[in-house]
Amino acid sequence: MPGDRTSLPPVRLPSDAELARDALAAPLLARAVRLARWAGPGTRVGAGGELVDEQLPAAAEVLGLELGELGDDLEEGDGEAYASEAWRVAVDTGLVAVEDAEASGERASEGASAEGDETGRVSAGAQLGLITSGAPQDILPLWVEALDVVFADATAPILDDLAAVIDDDGEIDFDALDWDPEAEAEFLEGVLGNLYLLTVADGGAAEGAVPLPVLAASMIVPDDMGEPTDDILEQVSEAMMRLDDQFQLLEPIGLVTYTPVDEALMVEDAEGAESALPVDEDDVSRYGLVRLTPLGLYGIRSRMLEAGVDAPAVGDLADKDARALLDGIAHFPELSARAETEQWLARRAPADAARDLLMAARGTDPGAPLRRLHCQQALSLVGAEAEPAVREVLDSPELGGLARVWLAELGAGEVPAPPESMIFWLAIDTIAAQLSAEGEPDELQELVEGLVGQHSGFFDAAWRVEHPATADVLEAMGRLHRDRGVSKEARKAAFRARSRA
């Protein structure tokens, strides 16, 4: 999964209580709970704790009401398959406790025929009580355990011909399967990581569905490839079919909502139709659409954190100090930065928060300009209650310009005019902040050209500004300004600033 902090925007998640409700409503976990409540000392299990074949019809009957909600799509044997899957989740998450199942299995293999000889001791697991009495912080880890079970199933080998891979000892010959468990898991982790990034990139919440071809291509098509080759298209097509199966397994645990690949496409491929990536929206919908649910975002983030990936969430900084807030939101998307700041402010008195923010905005380090920009934005959320604290810094060389701009935007009276040196210092600081936040977008080009146009002799004054970023800002202005003559002036000014320094 992705590990670079800058590549992982913060995710906005519902409350733990809402997520826990979603977890309990996930169809697969609900089935596991139902079976756990049904099971007892007479429930017959095999050596690995699985329900014996003779027990599956009864388990399927227990789930009959719930499975009936699936409509008429169930085929013969599906109910028992659902029961077997749900039972495995119940056992592996501790909803059910199975003791001595292995010993019971050994007795059965030795020829014992009594009905109870295949019966391990089955009882309610320690986790079952959490379903009704546990806090959200108890339910969510239980759901993550269930997700781990399903993930393992989704990356298991597909056994089309089981007999062909059974060796002389009756064991599965995994070499004959041409199956690499680590590679399978890594591929699905990568797909889910990319889906996570696509979901949170524009504000940190689950919104639009992602076409399955986009996910498959994100793992296979090289970034620098123009037109995909036939070989690459074939690999994408194969990956899509595998992912189609995997997302259908992951949907019942509540990780995703999924529209499967149109079965007619498989018929077309079988009849020799040319395979290619879809080219229009109507075509895309036939190739599968997947969306992470809010619970899915929580689950993938939990797996990332477990793997040591720094995956921030809005609210992580609410208890931190002002410096941690301003540094932390430095590269957040706008909506996420605002949401994080609002949570931080909600825990503090407005006047105290304003003073803490202004104190944290001071400094000459490389991150200081961006801190000041976010400080100004945070103060706008505080409103008029921040005015006394802002007026206290009017004489500050670093904050005086920011303070005047903020007071003017507030509509406050008696705002002293800034000295010329403060105007130019603020201009350099503002551009330095924008460069740090966004690189060199079109909006910054307009800002640069506007500043130069408003101040005749801008560069004659700007190179003298006592700001650590002066030379770098002037060089950037030379790159950004579309007038060649002005660009040359900016580069000269940058050289003079470096020489003075």
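## Exercises on salt bridges, strands and surface charge

Arg 323 forms a salt bridge with Asp 365, and the closest N and O atoms of the two side chains are 4.0 Å apart. The model is predicted, so that local features need pLDDT of at least 70 and side-chain atom pairs count only at pLDDT 80 or more, while totals for chains, interfaces and linings use all residues. Residues are numbered from 1 along each chain as its sequence is written, and side-chain values use heavy atoms, with hydrogens and water left out.

**Exercise: a pair and its network**

State which parts of the chain Arg 323 and Asp 365 tie together, and find the network of salt bridges to which they belong.

*Solution.* Begin with the criterion: a salt bridge is a side-chain nitrogen of Lys or Arg within 4 Å of a carboxyl oxygen of Asp or Glu. Next, place the partners: because Arg 323 lies in helix H15 and Asp 365 in the loop between helix H17 (350–361) and helix H18 (368–382), the pair ties together parts that are 42 residues apart in sequence. Helices here are DSSP runs of H or I with at least four residues, strands are runs of E with at least two, and both are numbered from the N terminus. Then consider exposure, where buried means under 20% relative accessible area, exposed over 50%, and partly exposed in between (1.4 Å probe, protein chains only). Arg 323 is partly exposed at 37%, and Asp 365 is also partly exposed, at 28% relative accessibility. Finally, extend the search outward: Arg 323, Asp 327, Asp 365 and Arg 371 are linked in a network of salt bridges.

**Exercise: further pairs**

How many salt bridges does a search of the whole structure find, and where do the partners Arg 301 and Asp 316 lie?

*Solution.* The search of the whole structure finds 21 salt bridges. Among them is the one between Arg 301 and Asp 316, whose closest N and O atoms are 3.2 Å apart. Arg 301 sits in helix H14 (residues 294–306) and Asp 316 in the loop between H14 and helix H15 (322–328), 15 residues apart, and the pair thus links distant parts of the chain. As for accessibility, Arg 301 counts as buried at 14%, whereas Asp 316 is partly exposed at 37%.

A further pair is Asp 472 and Arg 498, whose side chains meet in a salt bridge with an N to O distance of 2.7 Å. Asp 472 belongs to helix H24 (residues 470–480) and Arg 498 to helix H25, so this pair ties together parts that are 26 residues apart in sequence. Asp 472 is partly exposed at 43% relative accessibility, and Arg 498 is partly exposed at 41%.

**Exercise: a sheet**

Give the strand order of the open sheet of three strands, and determine which side chains of strand E4 are buried.

*Solution.* The order is E3-E5-E4, with antiparallel pairing, where two strands pair if DSSP finds at least two bridges between them. The edge strands are E3 (210–211) and E4, each of which pairs on one side only. Four bridges join E4 to strand E5 (residues 289–292), and in E5 the bridge partner of Thr 257 is Arg 291. Two bridges join E3 to E5, with Val 210 standing opposite Val 290 in E5.

In a regular strand the side chains alternate between the two faces of the sheet. Along E4 (residues 256–259), Val 256 and Tyr 258 point to one face and are buried, while Thr 257 and Thr 259 point to the other and are not.

**Exercise: charged patches**

Which residues gather in a patch of positive charge on the surface, and which in a patch of negative charge?

*Solution.* Patches are made of residues with over 30% relative accessible area and no salt bridge, like charges being joined within 9 Å. Areas come from the Shrake-Rupley method with a 1.4 Å probe. Lys and Arg count as positive and Asp and Glu as negative, without His and the chain ends, and each charge is placed at NZ of Lys, CZ of Arg, CG of Asp or CD of Glu.

The positive patch gathers Arg 484, Lys 488, Arg 491 and Lys 492. Lys 492 lies in helix H25 (residues 484–500) and is exposed at 52%. The negative patch gathers Glu 50, Asp 53, Glu 54 and Glu 80. Glu 54 is placed in the loop between helix H2 (27–38) and helix H3 (56–62), and is exposed with a relative accessible area of 56%.

Terms used
Patch = residues over 30% accessible without salt bridge, like charges linked within 9 Å, V, L, I, M, F, W, Y side chains within 5 Å.
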